[in-house]
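Please explain how this structure is put together, for someone who has not met it before. The account should proceed from the sheets to the packing around them and then to the enclosed spaces.

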Amino acid sequence: MLISLYIKHFGLIDDAEIEFGPGLNVLTGETGAGKSIVLEALQVALGGRAQTELIRTGRDRALVQVVFDINRLPWVRKRLLEDGLDTDEYEPDMIILSREINRQGRNPCRINGRIVNLGIYREIAGLMVDIHGQHEQQSLLAADKQLQLLDRFGGAQVLSLLQDTGQAYRQWRRNKRLKEKITGGFRERQQRVDMIKYQMEEIDAARLADENEEEMIRRRDVLANAERISLLAEQVLTNIHNGSNRRPAAVDLLGEAKNNLDELCRYMPELKSAQDNIFSALCLVEETTRELATCRDNVEADPHELNYIEERLALIDRLKKKYGRTIADVLAHRQQIAGELEELLSLENDAVGIDDLLQKSEEDYYTLAGQLETGRIEAAAGLERAIEQELGDLAMNSVQFMVQVSTTDPGPHGKNAVEFLISPNPGEPLRPLAKSASGGELSRVMLALKSILAAADEINTLVFDEVDAGIGGRTLQAVAEKMDRLSQTKQILCVTHAAAVAAYAAKHYLISKSTDDGQRTVTSITSLTGEERIQELSRMLGGDQKSQALSNHVRDLLRCRKIGAGC
């Protein structure tokens with residue numbers, strides 16, 4: 001149940017809160033007072049389109065917020081748990097939905113204080129409220145809407161068949177696409193198979209898995225420059241270790257320096273660090289000598305190895321030009337085309353049984369679609385009887401109503417088209433609802449459908465925007481009584497200009513417009529009780545609000561409504 005609607009800086013509303021109750025809640029007021037603004041705020045709070053034009057002039061943002069009691073809505077609780085939106089910070093049976101509209105363009109949606117995307121927000125809000133306005137009346141004229149209403153009336157069995165039929169249709173379509181893929185482009189597919197096999201064989205023949213290209217390049221450079229490397233190593237060894245006739249080796253000079261420092265330190269111990277440095281240098285030179293000697297002895301020209309490495313590197317370069325920038329890229333390409341080859345070969349295997357598979361999926365679809373059609377025809381007969389009975393209660397006793405179920409092209413919703421036909425007056429043929437029903441008749445048909453489907457629907461809160469438009473006299477009274485009966489099992493919010501409807505309200509709010517001290521127009525919302533409500537109902541009846549006779553009539557009207565007696 002909707003508990004409250006809070007509105008701030010929205011339209012002409014500065015700050016307002018409406019607390020709703022069970023049963024029938026009505027919003028009334030003069031034309032142009034702002035009833036549509038309140039309803040639009042509710043629609044935005046439930047995930048409707050949010051436009052910056054709705055923000056109060058002079059303000060940067062607007063806020064709308066609704067609070068629901070979900071004690072009797074276990075499916076909502078389940079959805080909140082699935083989305084991680086059930087929180088201990090709020091009452092366990094409460095849910096708060098709020099939306100901001102900012103001039104900067106960011107319009108965050110929050111459920112129980114947590115920001116969620118608009119899709120999830122709308123889905124959860126849609127589990128709790130069904131808004132019926134004049135544009136929804138027009139949607140009743142659409143064939144797909146009529147089909148949905150019939151399926152809903154058919155109940156769990158029809159809805160289950162509808163789901164199964166949709167799944168069967170999608171499988172049938174998948175099999176048709178698979179056959180087209182198999183039978184189409186055979187020559188191109190075979191050429192692609194041959195190309196993939198060639199590329200895989202070329203890559204496999206190169207045996208790249210254990211290759212280290214960087215190490216191969218380093219080894220090639222060594223082999224290509226073996227003589228130069230040996231010469232350089234020998235020259236360095238001469239300078240630091242072997243010496244020559246013209247000059248002593250570095251190691252000999254360092255050894256002599258070390259001996260001199262050893263003796264010097266006996267006289268000047270403070271030179272110990274210099275002694276240690278010379279010793280370290282001597283050790284480094286000797287270590288370098290060993291490394292260079294090893295290098296000189298191990299490096300030798302090997303034309304055969306050099307030729308092998310250059311050929312391998314050339315092969316790798318050719319493969320990289322074809323398949324990738326690195327060896328890893330080449331191997332990744334090989335893995336990718338191997339998967340493609342497996343898929344192409346599987347198509348050849350699938351071709352053997354695709355015709356049988358396609359035929360079976362088609363048969364499965366038509367079997368389920370046929371069962372769905374039977375369920376719809378049975379539901380159509382029941383809906384016709386229920387609608388005629390409900391319309392009889394709404395002062396349309398002589399109306400004929402028919403739900404025409406015809407066969408059409410197969411689709412995910414079966415192979416049926418549905419059209420509502422109506423004959424409002426005796427002697428007139430049945431014609432499509434869109435061509436025969438007036439605005440008032442269309443309103444009553446929608447109200448009848450809502451009444452019929454209310455018991456089956458899980459949604460507990462229904463919103464009606466001027467469902468009584470274009471109706472008067474005894475018919476309006478019948479609509480008011482129907483709304484009252486519907487409010488016994490559902491929470492109803494109704495924007496109305498009819499006193500006959502408003503008199504049944506459990507809660508009555510007046511929407512009014514005024515000018516504040518700053519000469520700004522402000523829409524305000526007032527809960528009416530007692531004399532205030534009597535005055536508003538008197539205004540709605542079109543009489544003098546100061547008339548005692550009219551006030552007494554309104555009191556009698558309210559007293560009749562309260563005790564459930566007709567007036």
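In this predicted model, six strands form an open sheet of mixed pairing, and their order across the sheet is β8-β12-β13-β3-β14-β15. The two edges are formed by β8, which spans residues 129–132, and β15, which spans residues 521–527; each of these strands pairs on one side only. On average, neighbouring strands of this sheet are turned by 15° against each other, with direction ignored. A general point helps in reading such an arrangement: the strands of a sheet pair through backbone hydrogen bonds, in either a parallel or an antiparallel manner.

The β8 edge offers a parallel example. Strand β8 runs parallel to β12, residues 461–465, and four bridges join the two. Within this pairing, Val129 has Thr461 of β12 as its bridge partner. A helix also packs on the sheet: α18, residues 530–540, touches β3 (24–28), β14 (507–515) and β15, and its direction makes about 75° with that of β14.

A second open sheet is likewise described by six strands, here in the order β2-β1-β4-β5-β6-β7, and its pairing is antiparallel. Its edge strands are β2 and β7 (114–116), each of which pairs on one side only. Neighbouring strands in this sheet are turned by 15° against each other on average, direction ignored.

At the β2 edge, strand β1 (residues 2–10) and strand β2 (residues 13–19) run antiparallel and are joined by six bridges. Leu5 has Ile18 in β2 as its bridge partner. The hairpin made by β1 and β2 has two residues between the strands, and Gly11 takes a positive phi near 60° there.

Towards the β7 edge, the order of the sheet places β5 beside β6. Strand β5 (residues 94–102) and strand β6 (residues 109–111) pair over three bridges in the antiparallel sense, and Ser98 stands opposite Arg110 in β6. Helix α3, residues 118–126, lies across β5, β6 and β7 and runs at about 135° to β5.

A further strand pair is found later in the chain. Strand β9 and strand β10 (residues 414–423) run antiparallel and are joined by nine bridges. Together they form a hairpin with two residues between them, and in β10 the bridge partner of Gly411 is Gly414.

One residue of β9 may be examined individually. Gln400 is found in this strand, which covers residues 400–411. Is Gln400 buried, exposed or partly exposed? Its relative accessibility is 43%, so Gln400 counts as partly exposed, since that class lies between the limits of 20% and 50%. When neighbours within four places in sequence are left aside, Gln400 is in contact with Glu388, Leu421, Ile422, Ser423 and Leu430. Of these contacts, Leu430 is 30 residues away in sequence, yet its C-alpha lies 7.4 Å from that of Gln400.

The account now turns to helix α1 and the enclosed space beside it. Eight of the 11 residues of α1 are buried, and the helix is thus mostly covered. The buried residues are Lys35, Ile37, Val38, Leu39, Ala41, Leu42, Val44 and Ala45. Just after α1, Gly47 takes a positive phi of about 105°.

How many cavities of 30 Å³ or more are counted in the model? The count comes to one, and the largest cavity has a volume of about 50 Å³. The residues that line it are Leu5, Phe20, Leu27, Val38, Leu39, Leu42, Val463, Leu493, Cys494 and Val495. The elements that give two or more residues to this lining are α1 (35–45) and β13 (491–495). By class, the lining divides into 10 nonpolar residues, with no polar and no charged ones. Val38, Leu39 and Leu42 appear in this lining and also among the buried residues of α1.

The second largest pocket presents another kind of space, with a volume of about 290 Å³. Its lining is made up of Met1, Pro22, Gly23, Asp69, Asn71, Arg72, Asn460, Ser487, Gln488, Thr489, Lys490 and Gln491. By class, these comprise two nonpolar, seven polar and three charged residues.

Notes. Residues are numbered from 1 along each chain as its sequence is written. This is a predicted model: local features need pLDDT of at least 70, side-chain atom pairs count only at pLDDT 80 or more; totals for chains, interfaces and linings use all residues. Side-chain values use heavy atoms; hydrogens and water are left out. On a 1 Å grid over the protein atoms alone, a cavity is a set of points where a 1.4 Å probe fits but cannot get out, and a pocket is an open set with protein on both sides within 12 Å along at least five of seven lines; lining residues have an atom within 4 Å of a point. Grid points are joined across faces, edges and corners, and a volume is the space filled by probe spheres set on the points. Ala, Val, Leu, Ile, Met, Phe, Trp, Tyr, Cys and Pro count as nonpolar, Asp, Glu, Lys and Arg as charged, and the others, Gly among them, as polar. Buried means under 20% relative accessible area, exposed over 50%, partly exposed in between (1.4 Å probe, protein chains only). Two strands pair if DSSP finds at least two bridges between them. Axes are lines fitted to C-alpha atoms, for helices over the stretch in contact, and angles run from 0 to 180 degrees between N-to-C directions. Contact means heavy atoms within 4.5 Å.
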